[in-house]
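Work through the exercises below with the structure open. Try each task before reading its solution.

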Amino acid sequence: MIKVNKKPINILIVFLFCMTVACLDSDKFFAGAEQKTMIEYSDQIGTSWNGKIATGFSGGDGSAASPYQIGNAEELAYLAQCVNMGLDFEDVCFCLTDDIYINDINNFENWDKTAPQYSWVPIGINESRFEGVLDGREHTVNGIYIKNNFDKIGLFGELSEKSCVKNLNIKDVYLENTNAAELSFVGGIVAVSYGTISECSSKGRFYSVIEANDAVPNTNAGNSLGTIAGINYGTIEECNNQCEITNYTINDSCYWGYDGGAGGIVGVTEGKVWNCCNHSRISAVITDAAYCR
């Protein structure tokens, strides 16, 4: 059973009913074949996602002493689905128990031409956001692919002030916003963070593009991207980027009157960033910034 904070009983009953129905219907969020593919890349071997969504977590009760356990992509997708249905998991704890492969990463170099099998839906889209604690326990989420017009693109869409993501690695990530109409933030770990990101890293290859909406000129205010976070209002500490940057492009970029940004750790920050290190050369193309004042 999922632990949540106490809410007014009439709202809670309706919400739990909706969540029970919605969280079990994976076809509304993810689609694809059910076969599993063995991955062999570098020194890592793992089983890629089968496109399904779990109906619960491997174990735990959500407390700090016994966090909910996430051991595969199906369970990570279950977390995403529940958050995106409105369950914020405030003060609830999670941990990874194994490395996770969203896609087979052997053909990563061609993802800009041929999409892999599965597209990830960020944990926290639209008005939803994650308010819990996720401890990656030094495990890695591999092969995240998103090509969509979400305004927040990343493993997580948004983290709240109370949230914390720590000890998590990401590797071989492709993030592309295809039609950014307004504010657009792209980050490997999270697009928009008000919380704490601690001891996380990005490794392998990283491809990211934010495309302008040419039909709506001068509306792409705020385009920014980073391998850890797109924009940070909280705290990023002891994180590092070791990615080989395949492409790093922002088209029609402006951040609320200021130029947009791209960075190895974070694109734009209004919070705290300390003891972080970028080990890679960042070559970003930022176009049409003349709209900025």
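Three exercises on this predicted model follow, each with a worked solution.

**Exercise 1.** Trace the order of the open sheet of seven strands, then explain why S3 and S23 each have one side without a neighbour in the sheet.

*Solution.*
- Step 1. Write the order: S3-S4-S6-S10-S14-S18-S23, with parallel pairing.
- Step 2. Go to the edges. S3 (68-70) and S23 (272-274) stand there, each with a single partner strand, so one side of each has no neighbour in the sheet.
- Step 3. Add the twist. From one strand to the next it averages 10°.
- Step 4. Check one pairing. S3 joins S4 (residues 93-96) in the parallel sense over three bridges. Tyrosine 68 sits opposite phenylalanine 94 in S4.

**Exercise 2.** Find the edge strands of the open sheet of four strands.

*Solution.*
- Step 1. The order is S8-S12-S16-S21, again written with parallel pairing.
- Step 2. S8 (152-153) and S21 (261-263) are the edge strands, and each pairs on one side only.
- Step 3. Inspect the S21 end. S16 (residues 224-226) runs parallel to S21, joined by three bridges. Leucine 225 has alanine 262 in S21 as its bridge partner.

**Exercise 3.** Which element gives the largest share of the largest nonpolar core?

*Solution.*
- Step 1. Size the core: 53 residues. Leu76, Leu79, Phe94 and Phe130 are among those with the most contacts inside it.
- Step 2. List contributors of two or more residues. They include S3, H2 (73-84), S4 and S7 (140-148).
- Step 3. Pick the top one. H2 gives the largest share, eight residues.
- Step 4. Look around phenylalanine 130. Its contacts include Leu79, Val83, Phe94 and Phe156.
- Step 5. Set apart the second, separate core. Its eight residues include Phe108, Trp111, Tyr207 and Val209.

Methods: Residues numbered from 1 in each chain as written. Predicted model: local features only at pLDDT ≥ 70, side-chain atom pairs only at ≥ 80, totals over all residues. Heavy atoms only, no water. Pairing = 2+ DSSP bridges. Axes fitted to C-alpha atoms, helices over the stretch in contact; angles between N-to-C directions. Core = buried A, V, L, I, M, F, W, Y, C linked by side-chain atoms within 4.5 Å. Buried < 20%, exposed > 50% of the residue type's maximum accessible area, 1.4 Å probe, protein only. Contact = heavy atoms within 4.5 Å. Lists of a residue's contacts leave out its neighbours within four places in sequence.
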